[in-house]
Amino acid sequence: MSSVLQKPEIEARVVRKVARRLIPFLGLAYFVNYLDRTNIGLAKLTMSEELGLTETMFGLASGLFFIGYLLFEVPSNLALHRFGARRWIARIMLTWGIIAAAMAFVPNAGSLYTLRMLLGIAEAGFFPGVLLYLTLWFPRAYRVRLMGLFLLALPVSSALGAPLSSAIIQYWDGLFGLSGWRVMFLIEGIPAVVLAVVTWFYLTDRPSQATWLDEDEKVWLTRELESEATESGSHISGSVRRAVTDSRVWMLGLVYFGITYGLYSLSFFLPSIVAGFKKTFDTDFSLFTTGLIVAVPFAVGAVAMVLWSRHSDRTGERIWHVAIPTLIGAVSIPIALYMQSPLTTMIAVTVNAVGVFCALPVFWYLPSTFLTGAGAAAGIAVVNSVGNMSGFGAPYVTGWLFDATGNSRAGLWVVGAVMLVAVVLVLVLRSRVSPTRSAEDVGGEVVAAHH
């Protein structure tokens, strides 16, 4: 009887301690990561004229990031699995910070293209590496809610980053003799370099090495994770080849492609859509006001993400918690095209953002239902690589359609269609993964009741 009572107590204590140690720091790193990846969307408002960029050229510059990213994603994640998260994540952050800051000095479109591709190469492996890292520290029952807290950095990065970036562009124009958008790239690249140094000393590769855990806590967590890794015969563990050839991995990648197609279209082009209100609705917003308006959908999406991921954990259901918000996002974004005011347009865009952000944390639970070990390193990287092809396709296709048609309607109809395909695929996957309530999920609820 005492051992039965002891497990929930130590389980709650260990998970709480690990979460407090890792989630805020990794969330901060992801905040900076996503800001450096997408701040080009706000830079565009003044950068395009200075560098002579058309909408298609801007879409190409935004999307080239993902070419380098995709080429080095799987090798980078395998390197993290081999050398350890502390060293590899620090290396990633150092190189991406230097390149992000260097974008302040691009003289022309060609240089911008080159640095965007190099930035993708430098960042490759960070996000899937962190996802893999979290599976080494948290039992399966807790991963959706804690993944939701980590991924909260994504909408928060846009909600805070949009007004921050626009304020730098508007009010610090001329600082160091640079245009405002150049100052923004320089200043927002520095935090990644600083965090790289902190990462080297702060992160711990595995629970068994954690000096900040008590001995009984290290033993319990190590045994719990090892037990989960071996409990299912359907898991792909040590085989990289099996992981990268498994059809479930590629289908998950296509689902992620659909979800992130909506995400990147919003991130890269929402500032331009808001700026376009001047022509459509005869409004006139300053750069800073534009940044504040852009922040609203992401702020609402952040709140919805936390609530939705908690609901998924509470019910133990996963597939519909991905399909329903993705469907809402798919339907809402074309509706935004036919609204008759800036307010109603932004309401529809906000509903789309809520759909995208609610789907993300629950989606990333699905790979862990059948991937562990080196198989997880390769499989998660493949899912992320396939999904992030949308990072090239979404801005390039949206920009090209804008140039071809003179408005954003065609591009946003494509966003809705691609997200709708993702809904169909995730429902097809329902019978091929096992994301249903498990004994661990029920145990997690028991422990949560003690909080």
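Tutor: A residue is buried under 20% relative accessible area, exposed over 50% and partly exposed in between (1.4 Å probe, protein chains only). The model is predicted: local features need pLDDT of at least 70, side-chain atom pairs count only at pLDDT 80 or more, and totals for chains, interfaces and linings use all residues. Residues are numbered from 1 along each chain as its sequence is written, and side-chain values use heavy atoms, without hydrogens and water.

Student: Is Phe150 buried or exposed?

Tutor: The relative accessible area of Phe150 is 0%. Because this value falls under the limit, Phe150 is buried.

Student: How many aromatic pairs does the structure hold?

Tutor: Rings of Phe, Tyr and Trp (its six-membered ring) pair if their centres lie within 6.5 Å; planes under 30 degrees apart are stacked, over 60 edge-to-face, and the rest tilted. The number of aromatic pairs in the structure is 25.

Student: Which arrangement do the rings of Tyr30 and Phe150 have?

Tutor: The ring centres of Tyr30 and Phe150 are 5.1 Å apart. Their planes meet at 20 degrees, so the pair is stacked.

Student: How many residues apart are Tyr30 and Phe150?

Tutor: Helices here are DSSP runs (H or I, at least four residues), numbered from the N terminus. Tyr30 belongs to helix α1 (residues 2-38), whereas Phe150 belongs to helix α7 (residues 143-151). The pair therefore links distant parts of the chain, and the separation is 120 residues.

Student: Why does Tyr30 count as buried?

Tutor: Tyr30 is the partner of Phe150 in the stacked pair. Tyr30 counts as buried because its relative accessibility is 3%.

Student: Which arrangement do Phe363 and Trp364 form?

Tutor: In the pair of Phe363 and Trp364, the distance is 5.2 Å centre to centre. With 80 degrees between the planes, this pair is edge-to-face.

Student: What is the relative accessibility of Trp364, and is Trp364 buried or exposed?

Tutor: Its partner Phe363 counts as buried at 0% relative accessibility. For Trp364 the relative accessibility is 5%, so Trp364 counts as buried.

Student: Which residues do ring pairs link into a cluster?

Tutor: Both pairs discussed above contribute members: Tyr30 and Phe150, and Phe363 and Trp364, belong to this cluster. The full cluster consists of Tyr30, Tyr34, Trp96, Phe126, Phe127, Phe150, Tyr256, Phe363 and Trp364.

Student: What volume does the largest cavity have?

Tutor: A cavity is a set of points on a 1 Å grid over the protein atoms alone where a 1.4 Å probe fits but cannot get out; lining residues have an atom within 4 Å of a point. Points are joined across faces, edges and corners, and the volume is the space filled by probe spheres set on them. A search of the whole structure finds three cavities of 30 Å³ or more. The space in the largest cavity is about 140 Å³.

Student: Which element gives the largest share of the lining of the largest cavity?

Tutor: The lining has 16 residues, of which Thr38, Leu42, Ser158, Ala162 and Ser267 lie nearest the centre. At least two residues each come from α1, α2, α8, α12 and α14 (287-315). The largest share, five residues, comes from α8.

Student: Which element gives the largest share of the lining of the second largest cavity?

Tutor: The second largest cavity has a volume of about 80 Å³. Its lining residues include Leu131, Met147 and Trp364, and the last of these also belongs to the aromatic cluster. Helices α6 (126-135) and α7 each supply at least two lining residues. The largest share, three residues, comes from α6.

Note on methods
On a 1 Å grid over the protein atoms alone, a cavity is a set of points where a 1.4 Å probe fits but cannot get out, and a pocket is an open set with protein on both sides within 12 Å along at least five of seven lines; lining residues have an atom within 4 Å of a point.
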